[in-house]
Every structure is written in structure tokens, then in C-alpha cells.
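Open the model in your viewer and keep the selection panel at hand. This tour moves from one selection to the next.

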Amino acid sequence: MDWDEFSEWSKWIAEWGSQYHKTLRDRPVRAKTKPGEIYAQLPDSPPQMPEDMGKILGDFENIVMPGITHWQHPCFFAYFPANAAPPSMLAEQLVNMVAAQCMLWQTSPAATEVEGKMVDWMRQALGLADEFTGVIQDSASSATLSAVLTMREKATGYTGNRDGLAGKGSLRIYCSDQVHSSIDRACWVAGIGQNNLKKIPGIGPRFGMDTKELELVIRADIAEGHTPAGIIAITGGTGVGASDDLKAIAEIAKIHDLYTHLDAAWAGSAMICPEYRDSLWNGVNAYDSIVFNPHKWLGAQFDCSIQFLKDATPQLNTLKIEPEYLKTTGDAVTNYSEWTIPLGRRFRALKLWFLIRSYGLVGLQMRIRNHVLWAEELCSKIRLLEGFQITTDPILSLFSFRCPGDDMAQQRLVDAINDDGRIYLTQGAFADQKIIRVQVGQFDTTREDVMSVATVVSEVWEAIK
Ligand SMILES: *Cc1c(COP(=O)(O)O)cnc(C)c1O
């Protein structure tokens with residue numbers, strides 16, 4: 001392909017993208033594909049001869065698009081959002097075309113320097129103390145794994161990487177029973193082991209970690225010869241939005257000199273609104289590491305996860321490695337690949353720069369505030385449906401409910417709603433019961449879209465009950 005053809009096809013794709021987004025409401029939110037349906041439409045072997053881009057794009061429309069679930073659909077209320085505001089898509093197109101690999105400062109100084117500035121903009125936007133620096137990673141899972149590895153290394157006097165873990169006894173990490181599965185996996189991969197991840201019950205109206213129990217468990221572990229290594233707190237858990245008492249946990253961590261990581265992957269975006277900080281962010285500045293995903297609620301095209309670090313040194317002592325071919329000469333520069341597990345890095349900061357400048361913090365705050373208000377309004381409508389029960393009240397813009405009947409009835413309703421296609425919801429589990437989750441947070445969703453959830457739920461329920 002020459003660059004004139006590239007230009008033509010790029011224009012075609014830009015037009016396609018605009019049409020796609022303008023007509024999203026006409027499509028079923030969740031793909032109606034049967035397993036294997038797309039696979040069967042692709043040739044069994046690769047082509048020997050070049051094919052025309054027009055034909056390739058035709059197949060994209062005819063074969064691939066019917067198998068896409070539309071995450072940017074305004075009626076996407078499943079999981080958590082993966083918002084991609086249009087300016088962040090444009091930034092990604094530029095990043096895509098420049099195609100720089102930004103592992104070191106010198107492999108693209110602009111990528112490192114824009115990243116440093118964007119992390120600091122977001123630090124201010126989230127009301128974090130001046131001392132935090134940070135790094136942009138691909139996902140919260142990677143940031144949490146980095147933090148757990150740091151906990152391990154700090155607790156072993158930075159000997160784990162060198163000597164392995166044999167003979168070091170069991171390291172213990174603490175969290176609530178409401179954490180995301182990425183915390184379990186980080187503990188598996190870091191060699192901590194599932195049995196050494198101690199899950200403390202979430203209690204009270206926000207299902208936060210029982211801190212009295214936490215203190216007891218830590219003391220018992222020490223008495224039994226285990227080594228406490230760290231605590232992982234959450235603000236806005238995935239199931240029902242569980243949020244820990246950050247201050248109380250940080251105080252316990254301080255007594256036992258434990259490294260602390262806060263998972264605010266979803267709810268972190270809402271902390272750009274100061275009014276939510278009193279209840280959900282109080283004590284946050286005591287944490288060693290904090291992760292939040294601008295690629296969820298905020299609107300930065302996936303993937304973009306910021307890990308803030310109060311002091312980067314422990315994580316650098318854990319992850320930095322400098323073989324000869326990666327050494328660079330010159331002044332003190334930041335090489336972000338030393339902060340993370342992968343070496344290669346995409347230029348992820350550009351989309352944040354475009355996003356924040358295009359909307360201003362005020363534009364982004366307005367969306368979040370609307371989503372929280374609309375979720376509350378929708379929750380009150382679902383509460384009125386006959387026989388329906390609100391199982392967890394809104395925490396920010398997430399709540400859950402049950403229809404009449406057992407767990408199977410809940411799943412039947414979720415499946416029927418998603419087959420209907422007008423909206424997309426997912427199920428969850430809470431207090432040993434199946435629940436139906438609703439999160440309001442898609443970037444383009446309107447009040448009308450949100451209220452349509454009550455209508456669809458009630459119509460589908462009437463049809464299947
Ligand atoms: C989404 C989510 C994660 C995982 O995020 P990834 O970026 O997909 O790894 C972790 N914790 C919470 C609370 C989440 O909502």
C-alpha cells in the first residue's frame with residue numbers, strides 16, 4: 001500500500017467511524033453471535049496472493065461487525081464502561097500512525113514527558129497530595145501486580161527477586177472479600193499464594209473491610225510466624241461498589257509498617273468531583289500505591305490505567321532492570337519501562353491530553369454527576385416494579401436488584417433482556433445470591449437512555465414471567 005492509498009482508506013475509515021457512532025442506538029447492544037459463527041466464516045488458510053483493501057474492509061463490515069458487542073452504545077449498562085470519547089479516539093489514531101515504541105525516554109522523549117504531565121494533571125484532578133508521581137499502565141491488573149510484587153520485595157528485604165521465595169515463610173496480604181479477581185491473580189503470580197491472601201469480610205452500608213477483624217487477623221498471623229506484607233484496599237468494588245474505610249486501614253498499615261495499595265479502578269474517575277471525596281476518598285493520601293482506570297468511566301480510549309506512587313523507589317527497586325542494551329547516557333531522565341513489568345510501551349498519555357483539553361475537567365465532572373443522579377432516579381423506578389427488590393443501593397452510579405424468584409429467575413431475566421438487545425446488563429453475586437447489576441456511566445448516555453432500563457426490565461419481565 002502506498003501513502004496515497006493509505007490517505008484514501010483513512011478517510012473512508014473516518015467516515016465509517018462517524019456513521020457507526022451516529023447509528024449505534026439502532027443496533028442490539030450485545031452481539032447476537034453463536035459460538036464459532038465468526039470463525040467458520042474465515043478461510044481455513046492464509047491467502048497466498050495479496051488482497052484488495054476494499055474487499056478486506058467489506059469482510060470487516062460483513063463478518064466482523066455482527067460479532068461486536070457495542071461498548072460505546074449509550075445503553076451499555078453492563079460490567080463497567082470502557083468509554084472512548086471521540087477526542088481520545090483521535091489521539092489514538094495519531095499514536096497508531098506514528099507507531100513509536102516508548103519504552104525509554106530517548107525512544108520518544110515526548111511520550112515520557114507528556115505522560116509525566118498527564119499523571120500530574122490527574123493527581124491534581126483527583127485531589128491527591130503533591131508527593132505522588134506515577135506511571136500509565138495497560139490495566140489495573142498490571143498495576144496491582146506491580147504493587148503486590150513490591151509488597152513481596154519490601155517484606156523480604158528485596159531478596160525475593162534474587163534468591164526466590166524458598167525458605168522465606170509465608171508472606172501475608174490482606175484485603176476485603178469484595179475485591180476484584182485481579183487481586184487474587186496478582187497474589188498467585190507473585191508467589192504469595194491464594195491461601196496467604198487473607199480476605200476480611202466487608203460490612204456496613206458500604207461493605208467496607210471490617211477493620212477490627214483486620215487488626216485481629218494481622219496480630220494472629222504475626223503470632224503464628226507469618227510475615228504481613230501489605231494491605232489492598234478498594235474504593236468502588238466491581239460487584240456492588242464496596243468501599244473501604246481508607247483512613248482506618250491506613251492507620252493499621254502504619255502500625256505494622258505494611259505497604260498499601262488502593263484499587264479504585266472504576267470509582268477513581270468520580271474523584272474528579274470533590275463532593276464524593278469526603279465519603280469515599282478520606283485518607284487516600286496515606287496510600288503507597290493507587291490505581292485508577294481513565295479507560296473506564298473517564299473516557300480515555302482503552303487501555304489507560306494510572307498507578308500513582310507516593311514514593312516510586314520501592315517499586316523501582318522491585319522492577320527496574322538495566323541490561324547493557326537498555327542503558328542510556330545523559331542526565332537524569334525517567335524511563336517508565338523501569339516502573340512496570342512489560343518493557344515495550346505504547347504512547348498512552350496522548351489520549352488523556354486530548355480528552356482533558358477537549359472537555360475540561362468541568363465537562364468530565366458534569367457527565368459523572370449526571371450518571372450518579374440518573375442511577376439514583378432509575379433505582380427508585382426499579383424499586384417500584386412489583387415484586388422487585390433493590391439488593392444494594394447506589395454507590396456512585398452502581399446498584400443491584402432482584403426480580404421475583406430464585407437465582408435461576410435472575411439469570412433468565414438477564415439473558416432475556418440481553419437477547420432483547422435494547423440495553424445490556426450483567427449479573428453478579430452478593431450475599432450468596434445472584435443479583436442483577438446496573439451501572440450508569442457510558443459517555444454518551446442520556447437521562448432518557450437510563451430511564452429506558454426500567455421500561456425494558458418491566459416489559460421483558462412481563463413477557464417471560
Ligand atoms: C475493572 C476493575 C479491575 C480490573 O481492571 P483491568 O484494567 O481490566 O485490569 C480491577 N479492580 C476493579 C475494582 C475494577 O473495577
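Start with Asp-263 and the ligand. A polar side-chain atom of Asp-263 sits 2.6 Å from a nitrogen atom of the ligand. Bear in mind that this is a predicted model.

How much of the ligand does the protein bury? Taken alone, the ligand exposes 380 Å², and the protein buries 87% of that.

Next, select Ala-140. Here the contact comes from the backbone: an N or O atom lies 2.8 Å from an oxygen atom of the ligand. Then pick Thr-238. An N or O atom in the Thr-238 side chain is 3.4 Å from a ligand oxygen atom.

Now show the whole shell. It holds 14 residues around the ligand. The closest are Ala-140, Ser-141, Asp-263, Asn-293 and Lys-296. Colour the shell by residue class: 4 are nonpolar, 8 polar and 2 charged.

Turn on the pocket surfaces. The ligand takes up the space of the second largest pocket. Which elements give two or more residues to the shell? They are helix 5 (140-155) and helix 11 (294-298).

For the last stop, leave the ligand and select Ser-7. This residue belongs to helix 1, which spans residues 3-22. Is Ser-7 buried, partly exposed or exposed? Ser-7 counts as partly exposed, because its relative accessible area is 28%, between the cut-offs of 20% and 50%.

Finish with a distance from Ser-7 to Pro-294. C-alpha to C-alpha, the two are 30 Å apart in space. In sequence, 287 residues separate Ser-7 and Pro-294.

Technical notes. Residues are numbered from 1 along each chain as its sequence is written. This is a predicted model: local features need pLDDT of at least 70, side-chain atom pairs count only at pLDDT 80 or more; totals for chains, interfaces and linings use all residues. Side-chain values use heavy atoms; hydrogens and water are left out. A residue is near a molecule or strand if one of its heavy atoms lies within 4 Å of it. A polar contact is a pair of N or O atoms within 3.5 Å; within protein, one must be able to donate a hydrogen and the other to accept it, and residues adjacent in sequence count only if both atoms are side-chain atoms. Accessible areas come from the Shrake-Rupley method with a 1.4 Å probe; for residues, only the protein chains shown count as cover. On a 1 Å grid over the protein atoms alone, a cavity is a set of points where a 1.4 Å probe fits but cannot get out, and a pocket is an open set with protein on both sides within 12 Å along at least five of seven lines; lining residues have an atom within 4 Å of a point. A molecule sits in a cavity or pocket if more than half of its atoms lie within 2 Å of its grid points. Helices (H or I, at least four residues) and strands (E, at least two) are DSSP runs, numbered from the N terminus. Ala, Val, Leu, Ile, Met, Phe, Trp, Tyr, Cys and Pro count as nonpolar, Asp, Glu, Lys and Arg as charged, and the others, Gly among them, as polar. Buried means under 20% relative accessible area, exposed over 50%, partly exposed in between (1.4 Å probe, protein chains only).
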